[in-house]
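Biologist: Please take a close look at one part of this model and describe how that part sits among the rest. Plain language will do, as the reader is a first-year student.

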Amino acid sequence: MASSTAKVVSLVLIVVGRMMMNIVEANTWCVARSNAGYGALKSGLDFACSHGADCRAIQPGGSCFNPNTIQNHASYAFDSYYQRNGKNPGACNFGGAATIAVSDPSFGRCVYPPSSSTDGGVDTTITGLPMNSKTLQDQTNKED
């Protein structure tokens, strides 16, 4: 009797565990770590944008261009890459510069995609980023 009860409890725990994993996986995003350095963020951003992430929203005039910081642009690109790779945890590392978040990082008109998207095909590699941790806007203002 105790053996069959233990089997039922084990089965219930397995089912509940899988359901919880599905819930968490359905509501995750990949974002830049707040303590990541500029070099790691830029490298990850360049990689993501040149390997399938949709980086149009972080281009000038895009819905996620502002705030114009490496941290915010990297977060958006990291998440796009992560989503397009089926939310595979291995697609959210970027040399340790990224982490999986369970809170939606969307804000204002910048909406992070809630699921995978496959409408790629556009080269959206970002180049010419400033070589320090100041905002990209500071660099843009110097060039005007």
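**A helix and the core**

Modeller: In this predicted model, the largest nonpolar core has 28 residues, and those with the most contacts inside it are Cys 30, Leu 41, Ile 58, Tyr 76, Ala 77, Phe 78 and Phe 94. At least two residues of this core come from each of β1 (29–32), α2 and α3. The most is given by α3, which supplies seven residues. In soluble globular proteins, nonpolar side chains tend to be buried together.

Helix α3 covers residues 70–84. Its 15 residues should span 21 Å at 1.5 Å a residue, and this agrees with the model because the end C-alpha atoms are 21 Å apart. The helix is mostly covered, with 12 of its 15 residues buried. Among the buried residues are Ile 70, His 73, Asp 79 and Gln 83, as well as Tyr 76, Ala 77 and Phe 78. Just after α3, Gly 86 has a positive phi of about 65°.

Tyr 76 shows what the helix touches. Beyond its neighbours within four places in sequence, Tyr 76 is in contact with Asp 54, Ala 57, Ile 58, Cys 64, Cys 110, Val 111, Tyr 112 and Pro 113.

Tyr 81, another buried residue of α3, is touched by Phe 47, which also touches Phe 94. Phe 47 belongs to helix α2 (residues 38–50). The C-alpha atoms of Phe 47 and Tyr 81 are 9.2 Å apart, although 34 residues separate the two along the chain. Phe 47 counts as partly exposed because its relative accessibility is 34%, and buried means under 20%.

Definitions and conventions
Residues are numbered from 1 along each chain as its sequence is written. This is a predicted model: local features need pLDDT of at least 70, side-chain atom pairs count only at pLDDT 80 or more; totals for chains, interfaces and linings use all residues. Side-chain values use heavy atoms; hydrogens and water are left out. Helices (H or I, at least four residues) and strands (E, at least two) are DSSP runs, numbered from the N terminus. Buried means under 20% relative accessible area, exposed over 50%, partly exposed in between (1.4 Å probe, protein chains only). Contact means heavy atoms within 4.5 Å. The expected span of a helix is 1.5 Å times one less than its number of residues. A nonpolar core is a set of buried Ala, Val, Leu, Ile, Met, Phe, Trp, Tyr and Cys residues joined through side-chain atoms within 4.5 Å.
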